[in-house]
Each structure stands twice: as C-alpha cells, then as structure tokens.
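Me: I am new to this structure and would like a close look at a single part of it. Please start with one pair of strands and build the picture outward from there.

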Amino acid sequence: MKLVRFGPKGKEKPGLIDESGSLRSLAGHIDDLTPDVIGSEVFADLANIDVSSLEVIEGARLGVPIAHVGKVVCIGLNYSDHAEEAGMEVPPEPVVFMKATSALSGPYDDVELPRGSVKTDWECELAIVIGKEAKYVEVEDAFDYVAGYTVLNDISEREYQIERSGQWVKGKSHDTFAPVGPWLVTKDEVDDPQALSMWLDVNDKRFQEGTTSTMVYGVAFLVSYLSKFMSLQPGDIISTGTPPGVGMGQKPQVFLKEGDVMTLGIQGLGSQKQKVVSA
C-alpha cells in the first residue's frame with residue numbers, strides 16, 4: 001500500500017494511492033494515519049479494503065504521511081562517499097542526532113530559509129517508519145518492527161550545524177526542514193531497502209545520485225542499534241543518511257537561496273518538490 005494524508009495543513013485526512021496513481025479517501029475506515037493505527041491490527045487490515053469503493057480525491061495537497069510523529073531520529077555520515085566529501089571519517093558506530101518534529105512538512109510544501117541563513121543545504125534520504133514498539137531488538141528480527149518506508153529531505157543549515165557550538169540538532173530543526181512523503185510505502189512493496197536508487201536536483205541540475213546499497217549501516221542494523229539506546233514507537237521515523245552531492249560538498253560550495261526549487265525521489269517511494277522561500 002501507498003498511504004497518504006491529504007488536505008490543508010493541520011486538517012489532513014487519510015487516504016491511499018491506487019494502482020492507477022489516483023488518490024482515494026480512507027474515510028470511514030480510519031480517522032487518521034496515527035501511531036495508534038500503525039501499531040494495531042487495523043493497519044494490516046487496510047490491505048483488505050476494496051479500493052474501487054473508495055472516493056477519488058482530486059487536486060488535494062499532500063501532508064506528512066504519518067500524523068503525530070513521536071520522534072525523528074537521524075543518522076549522519078552513513079554513506080562512505082558522503083563522509084569523504086564532507087571531509088569526515090566514516091564513524092565506527094552510527095552518528096545519531098534528532099530533528100525536531102516541528103520541522104516536519106509535506107512533500108510539496110515550501111522550505112523556509114532561516115533568517116540570515118547563507119548555508120542551507122539539501123539531503124535526500126531513505127526514511128524508515130516504525131510499526132511496533134522496538135526495544136532491544138536483534139538484527140535478524142529488525143524488519144518485524146518496520147511498517148514501511150518514505151522519502152525525507154534532511155534540510156540542514158550548515159553554519160548552525162557545524163560552525164556554531166553545540167549539537168547538530170540546531171542546524172537540522174528549523175520549521176520545514178523535514179519534508180516527508182509523498183506517501184508511506186508499506187514494507188511488503190519494497191523487496192530490498194538496500195537496493196533503491198535515489199536522486200536530488202536543484203533548479204533541474206542533478207546534484208545527488210546514489211543508491212541505498214552504499215549505506216555503511218543498513219536498515220536492519222539501524223533499527224536494532226537504535227533500539228538498544230531508546231525504545232522506538234509506532235510512527236517514529238528513522239532517516240538513514242544521504243549519498244554524496246550535497247551543497248556543502250561542491251567545489252565551490254553551493255547553498256540554497258530564495259526561489260530555488262528542489263526535486264528529489266527514491267525508487268518505488270515517490271518524489272518530492274519544494275520551492276525555497278524566506279522565513
């Protein structure tokens with residue numbers, strides 16, 4: 001299934017994308033795609049719905065595909081070639097940081113430049129959505145705890161992240177710095193999350209092109225690893241890192257400015273498009 005939330009910001013309703021690519025409403029089946037739904041038998045039962053009976057919705061905005069996300073856990077420097085372009089060594093263990101949930105936004109919503117920012121950057125990432133509570137999970141059991149996958153653009157203000165004292169979270173958490181979607185693709189539709197091509201363009205110029213096969217720490221390892229430090233709850237998002245081609249790695253460096261347009265996507269998981277605006 002490809003599950004979505006559609007409608008005005010703060011008033012989204014649940015839906016799905018049918019085989020023809022049409023958006024259909026799940027009204028009458030669930031009130032919203034919340035962590036409680038994702039963590040229950042209701043989530044699996046959605047696959048048994050007669051899709052042809054659902055109302056077709058035209059022209060609706062798509063929001064974050066999961067409501068009330070509890071936390072967004074991110075992995076840094078998880079592609080060896082990205083670590084190289086950043087001038088950093090591949091870490092002996094995953095670099096873990098958080099993005100504020102207030103940074104979440106829809107896949108086609110505008111991205112805001114923080115006031116005074118001159119080093120706002122892009123990062124196309126595979127995101128894991130947790131399906132049930134995960135605590136002290138073994139690697140071989142990790143996929144049992146995955147509900148599905150989506151795309152996350154890990155927008156980053158590099159001055160705040162690297163040049164200011166403190167932790168990376170400051171450069172990662174401005175409003176709109178976590179566009180997610182366009183949909184949550186359930187894990188049964190993804191044969192191998194470590195074999196997905198991914199890309200990102202700015203103003204129609206290709207900057208990022210890679211594959212999840214070059215991740216240093218894969219999906220199963222990350223779910224297991226993180227579950228040993230914190231419980232992972234239904235609806236939690238793990239953003240797994242980015243391939244090379246970020247603005248910081250260009251020579252000379254390139255950063256986002258007002259009016260720029262980003263388009264990005266991951267094989268089988270859909271694509272996003274965002275215009276850059278001033279806060």
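Reply: Arginine 5 has proline 14 in β2 as its bridge partner. The pair belongs to two strands, β1 (residues 2-6) and β2 (residues 13-17), which run antiparallel and are joined by 4 bridges. Strands here are DSSP runs of E with at least two residues, helices are runs of H or I with at least four, and both are numbered from the N terminus. Two strands count as paired if DSSP finds at least two bridges between them.

Before we go on, a word on where this comes from: the model is predicted, local features need pLDDT of at least 70, side-chain atom pairs count only at pLDDT 80 or more, and totals for chains, interfaces and linings use all residues. Residues are numbered from 1 along each chain as its sequence is written, and side-chain values use heavy atoms, with hydrogens and water left out.

Back to our hairpin. Between β1 and β2 there are 6 residues, and glycine 7 in that turn has a positive phi of about 120 degrees. β1 also has strand β14 (residues 184-186) as a partner, antiparallel over 2 bridges; there, lysine 2 is matched with valine 185. As for its surroundings, 4 of the 5 residues of β1 are buried, where buried means under 20% relative accessible area, exposed over 50%, and partly exposed in between, using a 1.4 Å probe and protein chains only.

A second hairpin makes a nice companion. Strand β15 (residues 197-202) is joined to β16 by 6 bridges and runs antiparallel to it, with valine 202 opposite lysine 205. Here 2 residues lie between the strands, and asparagine 203 in the turn has a positive phi of about 55 degrees.

This hairpin sits in an open sheet of 5 strands with mixed pairing, in the order β8-β19-β18-β15-β16. β8 (111-113) and β16 (205-211) each have a single partner strand, so one side of each is left without a neighbour in the sheet. On average, neighbouring strands of this sheet are turned by 20 degrees against each other, direction ignored; axes are lines fitted to C-alpha atoms, for helices over the stretch in contact, and angles run from 0 to 180 degrees between N-to-C directions. At the β8 edge, 3 bridges link β8 to β19 (residues 270-278) in the parallel sense, and glutamate 112 has valine 277 as its partner.

One residue touches this region from another strand: cysteine 124, in β10 (residues 124-130). At 1% relative accessibility it is buried. Leaving aside neighbours within four places in sequence, its contacts (heavy atoms within 4.5 Å) include Met198, Trp199, Leu200 and Gln208.

Finally, the rings. Those of Phe, Tyr and Trp (its six-membered ring) pair if their centres lie within 6.5 Å; planes under 30 degrees apart are stacked, over 60 edge-to-face, and the rest tilted. By this rule there are 5 aromatic pairs. In one of them, phenylalanine 221 and tyrosine 225 are stacked, at 5.6 Å centre to centre and 20 degrees between the planes. They are separated by about one helical turn because they are 4 residues apart in helix α6 (residues 219-227). Phenylalanine 221 is partly exposed at 33%, whereas tyrosine 225 is buried at 13%. Together with Tyr217 and Phe229, these two form one aromatic cluster.
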